[in-house]
Amino acid sequence: MATMESLIGLVNRIQRACTALGDYGGGDNAFSSLWEALPTVAVVGGQSSGKSSVLESIVGRDFLPRGSGIVTRRPLVLQLHMTENGSQDYAEFLHLPKRKFSDFGLVRKEIQDETDRVTGRSKQISPVPIHLSIYSPNVVNLTLVDLPGLTKVAVEGQPETIVEDIENMVRSYVEKPNCIILAISPANQDIATSDAIKLAREVDPTGERTFGVLTKLDLMDKGTNALDVLEGRSYRLQHPWVGIVNRSQADINKNVDMIMARRKEREYFATSPDYGHLASKMGSEYLAKLLSKQLESVIRARIPSITSLINKSIDELESEMDHLGRPIAVDAGAQLYTILELCRAFDRIFKEHLDGGRPGGDRIYGVFDNQLPAALRKLPFDRHLSVHNVKKVVSEADGYQPHLIAPEQGYRRLIEGSLNYFRGPAEASVDAVHFVLKELVRKSVGETQELRRFPTLQAEIAAAAGEALERFREESKKTVVRLVDMESSYLTVEFFRRLPQELEKGGNPATSTVDRYTEGHFRRIASNVSSYVGMVSETLKNTIPKAVVFCQVREAKQSLLNHFYIQIGKKEGKQLGLMLDEDPALMERRQQCAKRLELYKAARDEIDSVSWAR
């Protein structure tokens, strides 16, 4: 069965690990906070409520800084460890792990100095806690978090927001459902005006988590008492109120030790006519035991949910660490292997875009199925094959000797002039596919998760792919222009062989000779050329996509980074290291994940080391 000591000690160790690894709550939503899931006892009170005296009474030592204004400016996590009778009291700070303090005057000074190291000598506050462990036979196993005293007015040297800042910090602790609230109020003030009770009522309206502590009972006006509060009539809580009698200022000035102060406190309640019947449930010793028992109970109840949070967080962090990637090796061979693996990851995604596994490749088909046919339909053949232009071209081609049967040179010039128009759509198809490929490279670079770590390599891969696409585009343009030029350089013979048949079918040669110089004659020439150009257009509509795919798409799939591979194979280790220069934000995120993963694994090991009673 887990003992009270092992349960509270377990949480103490996890709390220390939290602080050492940067988890102390504070609203960082980047990670789940283990600190905020741990049961705690938060000590809350207004300034001059006697909060410090209560803590010193529980510890049995005079160790807290004193003064006017805000003395506690950082949360103090006070971990008490009961040792064997006769052993010497000593204290340890988490930030000074190898040093033991037996002089508690030096403990007070170190609390002040450590506070100043974070907040400066200003009166600012900080959420970063100070961890202090005290080992003594005169304490119970207990952990308390001393928070800055609630205040209503900013004094000189404090920021205007100090009142709100303190309340927000205190609220961030006490609003957690696993926080036990130790609400300290002075008996010589109206409980209705208590800052601690006011805040506790807001976050714990049923009073299930709140323990009320009434200080300064000995300073009340003669003839008055605090029985209405202590017996729960003024303000009822689920737990009994506890009265405390602190050391007087005269006792503090005389350095009356806390053991003597505890004895005087017991005597006060035992002999008090007002509180004698409550004496067994009053005083700092009873309060410490009560809180220790309650903290142990809450811890026991919360362990399953804490374990669940730890296991869930470990799974999430390990998944993210895999996503972010492990640290890069320093030797050149491993770096080269990493770069090649990253290139292959990019290349795989790029091919998925082309082959349909990811969107985008269908836009290339759109170029061939929509843009190219539309561009071919818009070519200005009507103007080029108008009667006026046909007559002009045929006449110029005849020269001084008019054609005898069919104007072959005129046909050739008209056809060649028409075919030249195909260059524009052919080159435009190349450029359109080039644009799609560039866009797919950009998307693929962005979608390659592994590359996000390395902005330099990411940029170099994008640049290398862009240069390769430019080379493919140039080759593709040469090829499609050759296709057009081939159609111009050798006309289909059957087309011309059909032309003289019109004369044979015409019947009257004389009439045909006359017709050669009429508008109808030139219209027939325009019609014949248009038919031939239409035939070529259909051919190019099929061959241009084949050439573009062969020269650009196929090459991009097969050899997009081939030149880049040759270049990186020539690089030295230092140059490879520069290519694997990570994004600082990702490096920081990995470090944060690693620290938080270390924390959760340490917490899991701590929990596993304790045997739980079923």
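In what sense do strand 1 and strand 6 pair, and over how many bridges? They pair in the parallel sense, over two bridges. Keep that in mind while we go around the sheet. One caution before that: this is a predicted model.

Let's take the sheet as a whole. It is open, it has nine strands, and the pairing is mixed. The order reads 4-3-5-2-6-1-7-8-9. At the edges sit strand 4, residues 96–101, and strand 9, residues 242–243. Each of those two pairs on one side only.

Now strand 1, residues 40–45. In the order, strand 1 stands between strand 6 and strand 7. With strand 7, residues 179–186, the pairing is again parallel, this time over six bridges. Go to Ala 42. Its bridge partner in strand 7 is Ile 181. Its bridge partner in strand 6 is Val 145. One step along, Val 43 stands opposite Leu 182 of strand 7.

Is strand 1 buried or exposed? Six of its six residues are buried, so the strand is largely enclosed by the rest of the structure. As a general point, side chains in a regular strand alternate between the two faces of the sheet. Here both faces are covered. Thr 40, Ala 42 and Val 44 are buried on one side. Val 41, Val 43 and Gly 45 are buried on the other.

Next, the helices on the sheet. Helix 5, residues 162–174, lies across strands 1, 6 and 7. Helix 5 runs at about 145° to strand 1.

Over to the edge, and to Phe 101. This residue belongs to strand 4. Phe 101 counts as buried because its relative accessibility is 3%, and the cut-off is under 20%. What does Phe 101 touch, leaving out residues up to four places away in sequence? The list is Tyr 90, Ala 91, Phe 93, Leu 96, Leu 106, Val 107 and Glu 110. There is also a C-alpha separation to note: 8.7 Å between Phe 101 and Asp 89, which are 12 residues apart along the chain.

Tyr 90 is on that contact list, and it has a charged neighbour too. Lys 100 lies over the face of the Tyr 90 ring, at 4.6 Å from the ring centre.

That brings us to aromatic pairs. How many turn up in a search of the whole structure? Seven. One of them is Tyr 90 with Tyr 135. This pair is stacked, at 4.7 Å centre to centre and 10° between the planes. The pair links distant parts of the chain: Tyr 90 is in strand 3, Tyr 135 is in strand 5, and 45 residues separate them. Tyr 90 is partly exposed, with a relative accessible area of 21%. Tyr 135, at 16%, counts as buried.

Another pair is Phe 381 with Phe 422. The ring centres are 5.7 Å apart and the planes stand at 55°, so this pair is tilted. Phe 381 lies in helix 13, and Phe 422 in the loop between helix 15 and helix 16, so the pair ties together parts 41 residues apart in sequence. Both of these Phe residues are buried.

Last item on rings. Ring pairs also link Tyr 268, Phe 269 and Tyr 275 into a cluster.

To close, back to strand 1: parallel to strand 6 over two bridges, parallel to strand 7 over six, and covered on both faces.

Notes:
Residues numbered from 1 in each chain as written. Predicted model: local features only at pLDDT ≥ 70, side-chain atom pairs only at ≥ 80, totals over all residues. Heavy atoms only, no water. Pairing = 2+ DSSP bridges. Helix = DSSP H or I, 4+ residues; strand = E, 2+ residues; numbered from the N terminus. Contact = heavy atoms within 4.5 Å. Axes fitted to C-alpha atoms, helices over the stretch in contact; angles between N-to-C directions. Buried < 20%, exposed > 50% of the residue type's maximum accessible area, 1.4 Å probe, protein only. Phe/Tyr/Trp six-rings, centres within 6.5 Å; stacked < 30°, edge-to-face > 60°. Lys NZ or Arg CZ within 6 Å of the ring centre and 35° of its normal.
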